[in-house]
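The following exercises concern helix packing, ligand surroundings, backbone geometry and model confidence. Each task is followed by a worked solution.

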Amino acid sequence: MFAPKDRQEVIVPVRLDESSPIAFQCSNELSCFTKCCREAHIILTPADIIKLKNKFNMDSSEFLYIYTGLGTIENTELPVPVLKMKEDADKSCPFLVKEGCAIYEDRPLTCRYYPLASGMFYNLDSSSKENFFAIIKEPHCMGHDLGEEVTVKEWMNTQGISVLEKINKGWTELILRRKSIGTFIPIPEKTKQMFFMGCYNIDAFRRFVFESKFLDIYEIKNSVLDNAKTDDYEMLKLSIDWLRFTFFGDPVITLKEQYVEGDMVEND
Ligand code: SF4
Ligand code: SF4
C-alpha cells in the first residue's frame with residue numbers, strides 16, 4: 001500500500017498540493033480487492049497507535065511489540081513503527097480478513113491516504129517544509145481514474161485524514177525541524193529512544209511521567225497532568241512539549257527552580 005523503498009518507481013513524480021484534482025475509487029467489486037493489503041509498507045503515526053492500541057485494549061508497549069517492526073523516517077534518522085506483515089505466503093496485513101479490512105474505522109493514516117503518498121516521508125524534496133503529495137500507481141490497483149474528480153483536500157476529509165493529522169501536528173513539526181537540520185548531524189541513540197517513547201509508546205511515557213523523577217524536575221500544571229492521566233491524546237501533547245523542550249529548548253515546559261542552572265537534568 002505505502003510503496004516500500006525498493007518500489008519507489010510506483011510513485012508518479014508529480015508534486016500535488018491540497019488543491020490538485022485526483023480521481024480514484026476503491027471498491028470490493030474490483031478484481032484487485034485487498035491486493036493492496038499485502039506486502040504493504042505501512043508506517044504508523046502517533047494517532048494510529050493510540051487508536052489501535054485502545055481498540056484492542058492493549059498497552060502501547062504490547063501493541064508495538066506484537067504488531068510493529070522498526071523503520072526510519074527518510075532524511076531524519078528518526079525511528080518510526082512499521083506494521084509487521086504476516087509471515088504467510090502473501091505477506092498479508094495482520095488486519096486483513098476475507099471481507100476486507102477488519103479495522104477499517106481505525107485504519108492507519110497510510111491506508112487512508114492511499115493512493116496518495118505524503119511528501120514528507122519521501123525524498124521528493126527533502127528541504128520542503130510544506131506538506132505535499134504524490135500519487136502511487138501500483139500495477140495491480142484498478143481504482144485510478146474511476147469515480148468523481150475531487151481535490152486532494154476533499155479526499156483527505158472524506159478519508160478522515162485531516163482529523164488525524166491534527167493529532168499528529170506536533171509530531172509532524174518535530175520531523176520537519178529535524179529534516180531542516182539535515183542528517184549530517186547524527187542523532188544520539190538515547191535521543192532516538194526518547195523520541196520513540198514520546199511519540200509512539202504513550203503508556204510508557206505516562207509511566208515515565210508519573211513513576212520516575214519527571215515531576216521532580218519539570219513544573220507541569222495540575223490541570224495538564226489530570227487530563228493526561230487518562231487521556232492519551234492529552235498525554236501526547238505533553239510528550240511533544242517535552243520533546244520540543246529537550247531537543248530544541250522551546251520554552252513550552254518549565255524546569256523546577258533547582259534544575260534551572262547547570263546540567264542537572266537527567267531524564268532516567
Ligand atoms: S482499487 Fe486499489 S486500493 Fe482499492 S482494493 Fe484495489 S488495489 Fe486496493
Ligand atoms: S490496515 Fe486495513 S486497509 Fe490497511 S493494509 Fe491492513 S487490511 Fe489493508
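**Exercise 1.** Determine at what angle helix α1 and α11 pack, and which residues make the contact.

*Solution.* In this predicted model, helix α1 spans residues 46–55, and its axis lies 11 Å from that of α11. The two helices pack at an angle of about 150°. As angles over 145 degrees count as roughly antiparallel, this value falls in that class. The crossing of α1 and α11 is right-handed. From α1, the contact is made by Pro46, Ile50 and Asn54; from α11, by Asp232, Tyr233 and Leu236. Sorted by class, this contact has four nonpolar residues, one polar and one charged.

**Exercise 2.** Characterise the packing of helix α6 against helix α11: are they roughly parallel or roughly antiparallel?

*Solution.* Begin with the axes: those of α6 (residues 169–181) and α11 (residues 232–248) come within 10 Å and cross at roughly 20°. Angles under 35 degrees count as roughly parallel, and α6 and α11 are therefore roughly parallel to each other. Next, the handedness: α6 and α11 cross in a left-handed manner. Finally, the contact: α6 contributes Gly170, Trp171, Leu174 and Arg177, while α11 contributes Lys237, Ile240, Leu243 and Phe248. Five of these residues are nonpolar, one is polar and two are charged.

**Exercise 3.** Describe the residues around ligand 1 and around ligand 2 by class.

*Solution.* Around ligand 1 one finds Cys26, Leu30, Cys32, Phe33, Thr34, Lys35, Cys36, Tyr114, His140, Cys141, Met142 and Gly143. This shell has eight nonpolar, three polar and one charged residues. Ligand 2 has twelve residues around it, of which Cys37, Cys93, Leu96, Cys101 and Cys111 come nearest. The shell of ligand 2 comprises eleven nonpolar residues and one charged residue, with no polar ones.

**Exercise 4.** Locate the cis peptide bond at Pro115 and the positive phi at Asn75.

*Solution.* The cis bond runs from Tyr114 to Pro115, with omega near 15°. Pro115 sits in the loop between α3 (109–113) and β7 (116–118). Tyr114 is also one of the residues around ligand 1. Asn75 is not a glycine, yet its phi is positive, at about 65°; this residue belongs to the loop between β3 (68–73) and β4 (78–83).

**Exercise 5.** Assess the confidence of the model, including residues 263–268.

*Solution.* The protein has an average pLDDT of 90, and 89% of the residues score at least 70. Over residues 263–268, pLDDT stays under 50, and the model has four contacts for them beyond four places in sequence. Where pLDDT is low, predicted coordinates should not be read in detail.

Methods:
Residues numbered from 1 in each chain as written. Chains lettered and ligands numbered in written order. Predicted model: local features only at pLDDT ≥ 70, side-chain atom pairs only at ≥ 80, totals over all residues. Near = placed C-beta within 6 Å. Nonpolar A, V, L, I, M, F, W, Y, C, P; charged D, E, K, R; others polar. Axes fitted to C-alpha atoms, helices over the stretch in contact; angles between N-to-C directions. Helix = DSSP H or I, 4+ residues; strand = E, 2+ residues; numbered from the N terminus. Parallel < 35°, antiparallel > 145°, perpendicular 65-115°, else oblique. Left-handed = near helix turned anticlockwise from the far one by under 90°. Contact = placed C-beta atoms within 7 Å. pLDDT = per-residue confidence, 0-100.
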